[in-house]
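These are my notebook entries on one structure, written down in the order in which I looked things up. I kept each entry to what I could read off the model.

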Amino acid sequence: MKTIPFGFDLNGPDFIPSEYDNHIQRHLTAMKGQYLDQTAYQQRLAQGDDLLYEVYELRRPTVPGELLHGISIVHPGLVGDEYHMTKGHFHEVLETGEIYYCLKGHGFMVMETPEGEWAVEPLYPGRVLCVLPRWAHRSVNASLDEDLITFFVYPGDAGHDYGTIEQKGFRKLVVQHDGQPAIVDNPRWAAAEAG
Ligand code: F6R
Ligand code: ZN
């Protein structure tokens, strides 16, 4: 890990950083249970464990004051009528936010608080998105032919809580409806709330 100030290059069309420490690849199997249409999920899986999204990280110490950052690339596609998306998470230290800057593609950031507030904000090249403290976040690629690429930065001590989202999903889903993205209620979230 670097101990003096550093820079790196981040250029199109691929936006793979000129330097990185960690390359995470999430395949279909990593998203088990996350897409609503389980039959469509199993049918996709029968054809292969496709790569759905990737993250390039520049590692920094996970302590307050450090800024963790990297690139997230969500490849295009559908599982049933749901667009490819990240797992999504709350930060373990709930009172930490995150900044995203969209470099390429079109999609949405789906967000919600533990209290049940929700927000869905568009992502497109040049768009900056502020995920406020307390808001879980998931990026969704709403294009079927282009990667959704974002740069992100968040506090070093934030940590990740994936479990809450794995259990209930997000309150809202982004689905393809008549060839267009549509934001709909997630029945799994409602069922989990009802207990
Ligand atoms: C970090 C963050 C992003 C995501 C990345 C992949 O706090 O929000 O770097 O980690 O977009 O998404 P997840 O982590 O939800 O699989
Ligand atoms: Zn985050």
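**Entry 1: the segment before strand 1**

I began with Phe15, which I place in the segment before strand 1; helices (H or I, at least four residues) and strands (E, at least two) are DSSP runs, numbered from the N terminus. I am working on a predicted model, in which local features need pLDDT of at least 70 and side-chain atom pairs count only at pLDDT 80 or more, while totals for chains, interfaces and linings use all residues. Residues are numbered from 1 along each chain as its sequence is written, chains are lettered from A and ligands numbered from 1 in the order in which they are written, and side-chain values use heavy atoms, with hydrogens and water left out.

Phe15 is not a glycine, yet I find a positive phi of about 55° for it. I note Phe15 as buried because its relative accessibility is 14%, where buried means under 20% relative accessible area, exposed over 50% and partly exposed in between (1.4 Å probe, protein chains only). Pro13 is also in the segment before strand 1, and the peptide bond that leads from Gly12 to Pro13 is cis, with omega near 5°.

Tyr20 lies in that segment before strand 1 (22–27) too, and I list Tyr20 as partly exposed because its relative accessibility is 39%. Its C-alpha atom is separated by 5.7 Å from that of Glu57, although the two residues are 37 residues apart along the chain. Not counting residues up to four places away in sequence, I find that Tyr20 touches Tyr56, Glu57 and Leu58, contact being heavy atoms within 4.5 Å.

**Entry 2: ligand 1**

Which residues are closest to ligand 1? I find 16 residues surrounding ligand 1, with Tyr53, Gly88, Tyr100, His160 and Tyr162 as the closest; a residue is near a molecule if one of its heavy atoms lies within 4 Å of it.

For polar contacts I take pairs of N or O atoms within 3.5 Å; within protein, one must be able to donate a hydrogen and the other to accept it, and residues adjacent in sequence count only if both atoms are side-chain atoms. An oxygen atom of ligand 1 is 2.5 Å from an N or O atom in the side chain of Tyr53, and for Ser72 I read 3.2 Å between a ligand 1 oxygen and a side-chain N or O atom. At Gly88 the partner is a polar backbone atom, 2.8 Å from an oxygen atom of ligand 1. Taken alone, ligand 1 exposes 390 Å², and the protein buries 96% of that, with accessible areas from the Shrake-Rupley method and a 1.4 Å probe. Strand 2 (51–58), strand 7 (98–104) and strand 12 (148–155) are the elements that give two or more residues to the shell around ligand 1.

**Entry 3: two buried loop residues**

Is Gln34, in the loop between strand 1 and helix 1 (38–46), buried or exposed? Gln34 is buried, because its relative accessible area is 6%. A polar atom of its side chain lies 3.5 Å from the backbone oxygen of Glu166. Beyond its neighbours within four places in sequence, Gln34 is in contact with Glu82, Met85, Arg138, Ile165, Glu166 and Arg188.

I then looked at His84, in the loop between strand 5 (82–83) and strand 6 (90–91), and I count His84 as buried because its relative accessibility is 3%. The side chain of His84 has a polar atom 3.3 Å from the backbone oxygen of Pro76. Leaving aside its neighbours within four places in sequence, His84 has contacts that include Tyr35, Arg44, Leu52, Val74 and Asn141.

**Entry 4: later in the chain**

Ala158 is in the loop between strand 12 and strand 13 (160–161), and I record Ala158 as buried because its relative accessible area is 0%. The C-alpha atoms of Ala158 and His91 are separated by 5.5 Å, with their positions 67 residues apart along the chain.

Asp178 sits in the loop between strand 14 (172–177) and strand 15 (180–185), and I call Asp178 exposed because its relative accessible area is 71%. Asp178 has a positive phi of about 50° although it is not a glycine.

At the start of helix 3 (residues 187–194), I find a side-chain oxygen of Asn186 within 3.0 Å of the backbone nitrogen of Arg188. Gly195 follows helix 3, and its phi is positive, near 90°.
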